[in-house]
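Me: I'm new to reading protein models and would like a close look at one part, starting with a helix and then following what lies around the rest of the structure. Could you walk me through it in plain language?

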Amino acid sequence: MTDDDMKGSDIERQLRESLRRHAERITPRERRTEILAMVHEPSETSEPPRRWLIPVAAAASVALIGAIAWGVANTGNQQATPATPAATSTASTTGTATSNATAATTQVALPAYFVGANSGTGDTFGLYREFVRTAVPAGATPAQKAKAAVAVAMNAQPFTNLEPYVQPWSGTKDNDVTVTPDLITITLSGPGASGFTPEQTKLAVQELVWTAQAAIGQGTIPVKFVVADGSAKLFGTYATNKTYNRPTKEQQYEDLAPIWILSPERGKVFAAGDPVVANGESCAFEATTQWQLKKGGAVVKSGTTMASSGCPIRGTWQVDLGVLNPGSYTFWMFEVSMKDGQTLVAETSKPFTVK
Amino acid sequence: MLTVAERGETGPAIAGWEADTALTDLYAAHWHSLVRLSWLLVRDQYVAEETVQEAFVAMHSHWSQLRDPDMALAYLRRSVVNSSRSVLRHRIVEDRYLSAETRARTAYGTTTEPSAETLALEHATGDRLVAALGRLPRRQREVLTLRYYLDLSEVQIADALHISPGSVKAHAHRGLAALRAEVEGTS
């Protein structure tokens with residue numbers, strides 16, 4: 001080996017080590033939730049965002065929203081997986097979800113929206129989103145994914161011990177979902193359960209709209225409902241001869257719960273020594289929400305955070321919790337009423353563990 | 001510590017992936033290294049995370065054409081390098097890069113300021129190479145970063161940069177020669 005080779009070899013070794021050590025100066029934050037949200041949400045613009053043109057100070061707002069619930073996948077809401085081997089599917093992208101093929105299934109994470117209380121008082125409600133792993137036919141069409149996602153959204157039972165979700169679709173099934181470029185049609189077995197408030201039933205309709213559009217991922221295609229028993233109205237109120245859609249961005253507060261925690265995901269386990277960062281989305285007065293980190297019922301940290309925008313525009317927020325001692329924690333975020341400074345107008349929490 | 005190559009290029013071989021599964025598995029295996037690769041190129045943690053996030057989203061939407069972990073990872077690398085390059089063209093980020101060079105810390109501020117002892121140690125162990133790398137022509141910088149951070153082969157680097165393997169070799173040779181000259185000149 002010549003001197004030059006030896007020097008080159010030294011340089012290479014040093015460069016490799018320097019780059020490795022240098023790169024480890026940063027700890028990339030978790031973005032799996034945001035990425036899954038982006039790939040499942042209908043895009044609101046035809047152009048992909050050029051984020052480096054956005055001032056960094058405001059750039060946190062690009063993070064899309066969602067609450068991920070991998071742990072829920074095993075709580076009993078999965079569809080049965082046929083044991084039959086793969087067969088060809090005849091469904092197309094714009095076709096029906098009710099293919100006659102007995103296809104093999106695969107597990108995918110689908111976004112599903114649920115109607116839940118905005119706070120412990122239970123006097124106002126909003127939509128929360130979960131990503132739920134469920135079975136769909138291998139190579140599922142958007143319509144098939146939408147049918148599976150709508151079925152998940154209509155069954156809040158697996159979450160009832162975890163979240164303040166109600167079950168307005170109890171006893172109802174989604175028989176079919178069809179998709180054309182202009183219309184999503186959801187065929188339901190019935191008009192919905194009775195005994196729910198107008199706010200809850202309005203959100204129950206909207207949860208299926210949000211869920212179907214998200215699963216299909218082709219934008220805000222209007223949604224029409226067909227009730228198999230011939231009912232002309234859902235919940236006796238919402239006509240089946242009209243279409244439904246998501247509200248505009250400025251009015252999404254009418255549908256979505258005021259606070260979502262994206263991270264920590266429910267039940268997530270952090271390795272001891274890893275910094276914990278909470279993030280999510282809110283629509284709060286002056287963009288301000290408060291938070292507490294609880295361990296065994298005791299508040300170990302607390303603070304106030306500002307989202308990237310205040311209501312009516314939904315903003316994103318982030319709280320750096322730092323490195324935590326091993327243990328079980330609950331991250332609780334809430335907004336108090338501006339009227340009395342005490343009443344909770346919105347709250348939500350997520351448990352996680354450090355070990 | 002195992003290198004990326006030693007850990008296996010794509011992690012466990014998985015047949016019959018669906019887009020969500022592929023995304024989840026590739027994220028688990030490569031999110032950190034790709035963000036750090038982008039950060040080495042643009043020196044802005046937020047931008048690096050955004051760049052890689054968009055690459056994953058694009059990979060998911062192109063899954064029907066990829067359907068293979070090797071192809072998907074190659075696609076991610078190409079996306080990250082191309083997007084990082086586009087980002088770097090933006091003056092604000094370039095300014096931040098130069099600033100970051102002198103401060104030797106992330107613009108996002110998630111790392112702590114190194115102590116004097118740490119700086120001395122880094123200098124003694126060759127961290128100055130990274131600063132010298134940042135002063136190389138863009139292509140040489142990209143080739144050397146892919147070669148010595150991700151341990152990619154010439155063929156893989158050529159694919160990521162859309163250049164020929166011969167050009168990879170040439171850029172690597174010139175880049176290393178420049179680094180060697182700089183180190184010898186300052187030692």
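Reply: Sure, let's start with helix α2 of chain A, residues 32-40. Of its 9 residues, 9 are buried, so this helix is largely enclosed by the rest of the structure. The buried residues are Arg32(A), Thr33(A), Glu34(A), Ile35(A), Leu36(A), Ala37(A), Met38(A), Val39(A) and His40(A). Keep in mind that this is a predicted model, so a word on confidence comes next.

Chain A has an average pLDDT of 79, and 80% of its residues score at least 70. Within chain A, the lowest confidence is in strand β1 (residues 67-68), with a mean of 28, while strand β5 (residues 184-188) has the highest, at 97. At the start of chain A, residues 1-7 have a pLDDT below 50, and that stretch has 2 contacts in the model beyond near neighbours in sequence. Residues 43-101 of chain A also stay under 50, and there the model has 123 contacts beyond four places in sequence. Where pLDDT is low, the predicted coordinates should not be read in detail.

Now for strand β5 of chain A, where you can find Ile186(A). Is Ile186(A) buried or exposed? Ile186(A) is buried, because 26 other C-beta atoms lie within 10 Å, and the cut-off for buried is 20 or more. Leaving out residues up to four places away in sequence, Ile186(A) touches Val150(A), Asp174(A), Val177(A), Leu208(A), Ala212(A), Val223(A) and Phe225(A). Take Ala212(A) from that list: it sits 26 residues from Ile186(A) along the chain, and their C-alpha atoms are separated by 8.5 Å.

Some of those names come back in a pair of helices. Helix α3 (residues 142-153) and helix α4 (residues 198-216) of chain A cross at roughly 145°, with axes that come within 8 Å. The crossing of α3(A) and α4(A) is right-handed. On the α3(A) side, the contact uses Pro142(A), Lys145(A), Ala146(A), Ala149(A), Val150(A) and Ala153(A). From α4(A) come Glu207(A), Leu208(A), Thr211(A), Ala212(A), Ala215(A) and Ile216(A). Sorted by class, the residues of this contact are 9 nonpolar, 1 polar and 2 charged. Val150(A), Leu208(A) and Ala212(A) belong to this helix contact, and Ile186(A) touches these three as well.

Next, the strands of chain A. Strand β2 (residues 105-117) has 11 of its 13 residues buried, so it too is largely enclosed by the rest of the structure. β2(A) runs antiparallel to strand β3 (residues 125-137) of chain A, and 13 bridges join them. One example to look for is Gln107(A), whose bridge partner in β3(A) is Ala135(A).

Further along chain A, what is the order of the strands in the open sheet of 3 strands? The order is β10-β12-β15, with antiparallel pairing. At the edges are β10 (259-263) and β15 (315-323), each pairing on one side only. Neighbouring strands in this sheet are turned by 25° against each other on average, direction ignored. β10(A) pairs with β12(A), residues 275-282, over 4 bridges. Within that pairing, Ser263(A) has Asn279(A) of β12(A) as its bridge partner.

Another pair in chain A, strand β13 (residues 288-295) and β14(A), is antiparallel and has 8 bridges. These two strands form a hairpin with 2 residues between them, and Gly296(A) in the turn has a positive phi of about 60°. Lys294(A) is bridged to Val299(A) in β14(A). Strand β14(A), residues 298-306, is hardly covered: among its 9 residues, the count of buried ones is 0.

For comparison, have a look at chain B. Chain B holds 11 helices and 0 strands. Of its 187 residues, 42% count as buried. Among contacts in chain B with a separation of 6 or more, 66% come from residues 24 or more positions apart.

One helix pair there is worth finding: α2 (residues 19-42) and α3 (residues 45-61) of chain B pack at an angle of about 150°, with their axes 8 Å apart. Their crossing is right-handed. Among the residues that meet are Leu23(B), Trp31(B) and Trp39(B) in α2(B) and Val52(B), Phe56(B) and Met59(B) in α3(B). By class, this contact has 13 nonpolar, 4 polar and 1 charged residues.

Conventions: Residues are numbered from 1 along each chain as its sequence is written. Chains are lettered from A and ligands numbered from 1 in the order in which they are written. This is a predicted model: local features need pLDDT of at least 70, side-chain atom pairs count only at pLDDT 80 or more; totals for chains, interfaces and linings use all residues. Two strands pair if DSSP finds at least two bridges between them. Axes are lines fitted to C-alpha atoms, for helices over the stretch in contact, and angles run from 0 to 180 degrees between N-to-C directions. A residue is buried if 20 or more other C-beta atoms lie within 10 Å of its own, exposed if 12 or fewer, and partly exposed in between; C-beta atoms are placed from the backbone. A crossing is left-handed if the near helix is turned anticlockwise from the far one by less than a right angle, and right-handed if clockwise. Two residues are in contact if their C-beta atoms, placed from the backbone, lie within 7 Å. Ala, Val, Leu, Ile, Met, Phe, Trp, Tyr, Cys and Pro count as nonpolar, Asp, Glu, Lys and Arg as charged, and the others, Gly among them, as polar. pLDDT is the predictor's confidence in each residue, from 0 to 100.
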